Amino acid sequence: SVPDSSSNGLHIGGTWARKSLSLDLSYSLLNFNKARINNTVGNSVGVTVNGTYDVTVQIISMNLNYRI
């Protein structure tokens, strides 16, 4: 799970098609601003989630379609 913070994203995609076949490709890059967590979650069991989180997410997707 990603701590709640503002983010910026870059997304790009395209399609290649021929007669009954098509291929869709896409790429997404999400960069979340640093999030600082300081609370008591987990203290009752001796663990903590406190800290600074710096998260980057990359997603690659592909879809292949064939029409009969």
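**Reading an all-strand prediction**

Guide: This is a predicted model, and its chain averages a pLDDT of 90, with 96% of the residues scoring at least 70.

Visitor: Which elements have the lowest and highest mean pLDDT?
Guide: Strand E3, residues 35–37, sits at the bottom of the elements with a mean of 84. E5 tops them at 97.

Visitor: What makes up the chain, in terms of helices and strands?
Guide: There are 0 helices and 5 strands. Reading from the N terminus, you get β-β-β-β-β.

Visitor: Why is the chain called more spread out than a compact globule?
Guide: Put the two numbers side by side: the globule rule gives 11 Å for 68 residues, while the radius of gyration here is 20 Å. That is well over the rule, so the chain counts as more spread out than a compact globule. The C-alpha trace spans about 60 × 25 × 10 Å along its principal axes.

Visitor: How many of the residues in the chain are buried?
Guide: Buried residues are 9% of the 68. The accessible surface comes to about 5,700 Å², and 54% of that belongs to carbon and sulfur atoms.

Visitor: Which strands form the open sheet, and in what order?
Guide: The order is E1-E2-E5, 3 strands with antiparallel pairing. Strand E1 (7–18) and strand E5 (56–66) are the edges.

Visitor: What makes E1 and E5 edge strands?
Guide: Each of them pairs on one side only. On average, neighbouring strands in this sheet are turned by 10° against each other, ignoring direction.

Visitor: How do you know that E1 and E2 pair?
Guide: Two strands pair if there are at least two bridges between them, and E1 and E2 have 12, in the antiparallel sense. Across that pairing, Asn8 stands opposite Asn31 in E2.

Visitor: And how do you know that E2 pairs with E5?
Guide: Same test: strand E2, residues 21–32, is joined to E5 by 11 bridges, and the cut-off is at least two, so they pair. The two run antiparallel, and Ser28 stands opposite Ile59 in E5.

Visitor: Why is E1 said to lie largely in the open?
Guide: Count its buried residues: of the 12 in E1, the number is 0, so the strand lies largely in the open.

Visitor: Why is Ser22 called buried?
Guide: Buried means under 20% relative accessible area, and Ser22 comes in at 7%, so it qualifies. Ser22 lies in strand E2. Beyond its neighbours within four places in sequence, Ser22 is in contact with Thr15, Trp16, Ala17, Asn63, Leu64 and Asn65.

Visitor: Why does Lys19 count as exposed?
Guide: The cut-off is over 50%, and Lys19 has 90% relative accessibility, so exposed it is.

Visitor: Where does Lys19 sit, then?
Guide: Lys19 is in the loop between E1 and E2. Those strands form a hairpin with 2 residues between them. Lys19 has a positive phi of about 35°, although it isn't a glycine.

Visitor: What share of contacts joins residues at least 24 apart in sequence?
Guide: Take the contacts in the chain between residues at least 6 apart: 53% of them join residues at least 24 apart.

Methods
Residues are numbered from 1 along each chain as its sequence is written. This is a predicted model: local features need pLDDT of at least 70, side-chain atom pairs count only at pLDDT 80 or more; totals for chains, interfaces and linings use all residues. Side-chain values use heavy atoms; hydrogens and water are left out. Helices (H or I, at least four residues) and strands (E, at least two) are DSSP runs, numbered from the N terminus. Axes are lines fitted to C-alpha atoms, for helices over the stretch in contact, and angles run from 0 to 180 degrees between N-to-C directions. Buried means under 20% relative accessible area, exposed over 50%, partly exposed in between (1.4 Å probe, protein chains only). Contact means heavy atoms within 4.5 Å. pLDDT is the predictor's confidence in each residue, from 0 to 100. The radius of gyration is taken over C-alpha atoms; the globule rule is 2.2 Å times the number of residues to the power 0.38. Accessible areas come from the Shrake-Rupley method with a 1.4 Å probe; for residues, only the protein chains shown count as cover.
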